[in-house]
Each structure stands twice: as C-alpha cells, then as structure tokens.
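Welcome, and please open the structure in your viewer. We will go from stop to stop, selecting a few residues each time and looking at what is there.

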Amino acid sequence: MPTVGLRDIYYAKITSDDADGTVYETPKRLGRAITANVQPAYNTAELRADDGVAETAESRGVTTVVVNTDDLQPSVQADVLGKTVNDDGVLIDSENDRPPYLALMFRAEKANGAYRYTVLYKGKFTPPENNYETKQETPAFQTPTINGRFLRRTSDDQIGAQVDEDGESVSADIIDNWFKSVYEETVPEV
C-alpha cells in the first residue's frame, strides 16, 4: 500500500558494534519530518561467455539517505554530526568533527491510515547544506537537509528493518516501543 505521510524521525547513537552485538543509546528526535529518501545501492556484474551472458552477480553497496527536517537544533547537530556546543551555547564547526555511527528510525502513514515503521541500523550523516534567502512578498522557508550513508552492522550484517503496524501477526509491543529503543529481532533459542 502506498504511503501518504512521514513523521517522527529519530536517531540513536551506537556505543558499540562488534561480534557481541550492537548497543545503542536511547533514541532522540531528529526534528520534525519533511522528507526521507532511502536509496539502497546494488552493484551488478555480468560474465559473458559463448556470445552471451552466462552468469550475473550482485553486491550490496551503501544505502544513501537524505533527510529533510524543519530544523536541526544545536544539540542534535552535536550528536549527529560530531560537533560541539560550547559553554556559551554556540555550535562550533571544526575540522576535527567526527560524526558517530547511529541508527535512524521513522514512520510513514499509509493510504489506509496505518503506519509503516522503518529503521536503518548503522550510518553516519554529513553536515547539512544551508541556504539563506532574503524575504520576498511570499515567504519561503529554508530547511536543513542532511545526507547519510548506511551500511551493515558488524554484529550481524543486518542493514535495517521495516514493519507495517497493520501487518499480520505484528505485536503491538513492537509498534509501541519503536521509538523507545532500536528494534532488535528476537531470535528463538535452539
């Protein structure tokens, strides 16, 4: 079913990602959602033999994400872009800024009124392009857009997850907790 809306964009910084698992901080709101464009990349190759294609191979690349919000508060930019806010409350942009890895979560309203929930598990964002324009007779809003690159987690090679709240056998707990902690698949013990 097609989506008709977007809201609730959250991020959660990664504190560790290794063979023992991935640990996230508590999710925080990125800003009020305007757009989120998620573009997975697949690289393909063809082996040609006997005057034709004999084999094909695919490899997953990074997933490019472009997020536009109403604003990015200084505290959010410090978290997401590795910047600092000094004691005067000024956001400092430095050559030494190092964006952390983080998860990105959001929900999109479907045409039937239910929501589709998405999480991307591990990625980094680059600083936004800022546009400024003098006032005109008709106001024009200028909003920040940040670009991210998401990849697989070290702990389990997973890239993300998605669920429709009206899907068959979807637990209400999954939906209720989507923005409280990063969703992790429950794997039954053998």
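Select Thr22 to begin: this residue counts as buried, because its relative accessibility is 14%. Buried here means under 20% relative accessible area, exposed means over 50%, and partly exposed is in between, using a 1.4 Å probe and protein chains only. Before you go on, note that this is a predicted model, where local features need pLDDT of at least 70 and side-chain atom pairs count only at pLDDT 80 or more, while totals for chains, interfaces and linings use all residues. Residues are numbered from 1 along each chain as its sequence is written, and side-chain values use heavy atoms, with hydrogens and water left out.

Thr22 belongs to strand 2, residues 21-24. Strands (E, at least two residues) and helices (H or I, at least four) are DSSP runs, numbered from the N terminus.

Which side chains does the side chain of Thr22 join in polar contacts? Show Asp17 for a contact of 2.6 Å, then Ser155 for another of 2.7 Å. A polar contact is a pair of N or O atoms within 3.5 Å; within protein, one must be able to donate a hydrogen and the other to accept it, and residues adjacent in sequence count only if both atoms are side-chain atoms. Now add the rest of the surroundings: leaving aside neighbours within four places in sequence, Thr22 is in contact with Ile14, Ser16, Asp17, Arg153, Ser155 and Glu184. Contact means heavy atoms within 4.5 Å.

**Next stop: strand 9**

Select residues 115-129, which make up strand 9. Is this strand mostly covered or mostly open? Mostly covered: 11 of its 15 residues are buried.

Now bring in the strands that pair with strand 9. Two strands pair if DSSP finds at least two bridges between them.

- Strand 8 (residues 102-109) pairs with strand 9 in the antiparallel sense over seven bridges. Look for Glu109, whose bridge partner in strand 9 is Tyr115. The two strands form a hairpin with five residues between them, and Gly113 in the turn has a positive phi of about 95°.
- Strand 10 (residues 145-150) is also antiparallel to strand 9, with five bridges. Try Phe125, which has Gly148 of strand 10 as its bridge partner.
- Strand 11 (residues 160-164) runs antiparallel to strand 9, and five bridges join them. Here Val119 has Ala161 as its bridge partner.

**Last stop: the salt bridges**

Side chains of opposite charge can pair when their charged atoms come close. In a salt bridge, a side-chain nitrogen of Lys or Arg is within 4 Å of a carboxyl oxygen of Asp or Glu. How many does a search of the whole structure find? It finds 14 salt bridges.

Start with Asp8 and Arg29, whose side chains meet at 3.5 Å, N to O. Asp8 lies in strand 1 (residues 7-18) and Arg29 in strand 3 (residues 28-31), so this pair ties together parts 21 residues apart in sequence. Asp8 is buried, at 10% relative accessible area, whereas Arg29 is partly exposed, at 37%.

Return to strand 9 and pick Arg116, which forms a salt bridge with Asp164 (2.7 Å, N to O). Because Arg116 is in strand 9 and Asp164 in strand 11, the pair links parts 48 residues apart in sequence. Arg116 counts as buried, at 18% relative accessibility.

Then find Asp157 and Arg152, a salt bridge of 3.7 Å, N to O. Arg152 is exposed, with a relative accessible area of 52%. Finish by selecting Arg7, Asp8, Arg29 and Arg107 together: salt bridges that share partners join them into one network.
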